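Student: I am new to this structure and should be grateful for a close look at one part of it. Please choose a single helix and describe what lies around it.

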Amino acid sequence: MSGVSLDVKKGELVALLGRNGSGKSTLIRHFNALLSLQEGELIVGGIDASGKKNIWDLRRLSGMVFQNPDNQFVAPVVFDDVAFGLENYLVPREEIPTRVEKALDAVGMKGFENRAPHTLSGGQKQRVALAGVLAVEPDIVIFDEATSMLDPRGRSEVLSIIRQLHESGKTIIMITHYIEECVSADRVILMDSGKVVCSGAPENVLTDRERLKSAGMMPPMPVRVYYDLLERGVQLDRCPLTEEELTELLCR
Ligand SMILES: Nc1ncnc2c1ncn2[C@@H]1O[C@H](COP(=O)(O)OP(=O)(O)O)[C@@H](O)[C@H]1O
Ligand SMILES: [Mg+2]
């Protein structure tokens, strides 16, 4: 990668936003050494991620959930699937069942231990994939468009677990091209053409219509309404990010 400089704080929920091909997946694949850095430096949780030497420490530190729920299963039943990673990380055998149960509990999938993954809904599959990540007890969880193939219900299930993980202190990096999913992030990083365009609070990044447009992104609906009204001579007190804020401002 080139021209990318960013800094994610411990416990932060960062949304990484950008059109297709803007380099989001490429960027985050460096964080746990799925890709290795060609130049520059990268430190993840105090670990040098620039070479190949710390791959296993990096993978333990940050887990990833990907787009397609069907491509993330390695075992015929849920329990074994969640347990799979643990053996690689040398977790003692007797500790494995407790870890698996705890992880399934965290994603609301307790009781599904013996189910075959193909009998689950998309949202349930993503939650099992996430349980496999959580069982390793990573500090950082990265979601690479993990909601993009889900129906609205599956999406909201996964989003609510993401929020819970954030509240429990995990550092979250969430890649999305649904701009509405960025509204509640601590920070939004906007990417385009393999570069970071800007990084800031949602109320700054998501209301900057021109910058979003030049990065190929449409602002959230309330922001569009704000500008449409402005063009018609109606000035709201501020630019809203959520439908609730918009309604409140319109009712004044
Ligand atoms: N900084 C960069 N410099 C050069 N090529 C890049 C850079 N970032 C991404 N690419 C290339 O662009 C393509 C799409 O990137 P990708 O990370 O998959 O985008 P996204 O996840 O945002 O859709 C990939 O083939 C990748 O190799
Ligand atoms: Mg991608």
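Tutor: The answer below takes one helix, follows its contacts outward, and ends with the ligand.

The model is a predicted one, in which local features need pLDDT of at least 70 and side-chain atom pairs count only at pLDDT 80 or more, while totals for chains, interfaces and linings use all residues. Residues are numbered from 1 along each chain as its sequence is written, chains are lettered from A and ligands numbered from 1 in written order, and side-chain values use heavy atoms, leaving out hydrogens and water.

The chosen helix is α5, residues 122-134; helices here are DSSP runs of H or I with at least four residues, strands are runs of E with at least two, and both are numbered from the N terminus. Val128 has its place in this helix. Val128 has a relative accessible area of 0% and is therefore buried, a word that means under 20%, with exposed over 50% and partly exposed in between (1.4 Å probe, protein chains only). Apart from neighbours within four places in sequence, Val128 is in contact with Phe73, Val78, Asp81, Val82, Met109 and Leu120, where contact means heavy atoms within 4.5 Å. Val107 lies 21 residues from Val128 along the chain, yet their C-alpha atoms are separated by 7.4 Å.

Arg127 also lies in α5. Arg127 counts as buried because its relative accessible area is 11%. With residues up to four places away in sequence set aside, Arg127 touches Val107, Gly108, Met109, Glu157, Val158 and Ile161. By contrast, Arg127 and Arg232 are 45 Å apart, C-alpha to C-alpha, with their positions 105 residues apart in sequence.

The list for Val128 leads to a second helix. Val78, Asp81 and Val82 are among the buried residues of helix α3 (residues 78-88), as are Ala83, Gly85 and Leu86. An α-helix has 3.6 residues a turn, so residues three or four places apart point the same way. The cover over the buried residues of α3 includes α5, together with α4 (96-106). After α3 comes Leu90, whose phi is positive, near 60°.

These contacts belong to a wider picture. A nonpolar core is a set of buried Ala, Val, Leu, Ile, Met, Phe, Trp, Tyr and Cys residues joined through side-chain atoms within 4.5 Å. The largest such core has 59 residues, and Leu17, Val82, Leu130 and Phe143 have the most contacts inside it. Helix α5 gives the most to this core, with 6 residues. Leu130 touches Val65, Val107, Val141, Phe143, Ile161 and Leu165, again not counting residues up to four places away in sequence. Another core lies apart from it, with 21 residues, among them Leu42, Ala49, Ile140 and Ile175.

Finally, there is the ligand. Ligand 1 is surrounded by 11 residues, the closest being Gly21, Gly23, Lys24, Ser25 and Thr26; a residue is near a molecule if one of its heavy atoms lies within 4 Å of it. An oxygen atom of ligand 1 is 2.8 Å from an N or O atom in the side chain of Lys24, and a nitrogen atom is 3.1 Å from a polar backbone atom of Gly194; a polar contact is a pair of N or O atoms within 3.5 Å.

Terms used:
Polar contact = N/O pair within 3.5 Å; in protein donor to acceptor, adjacent residues only side chain to side chain.
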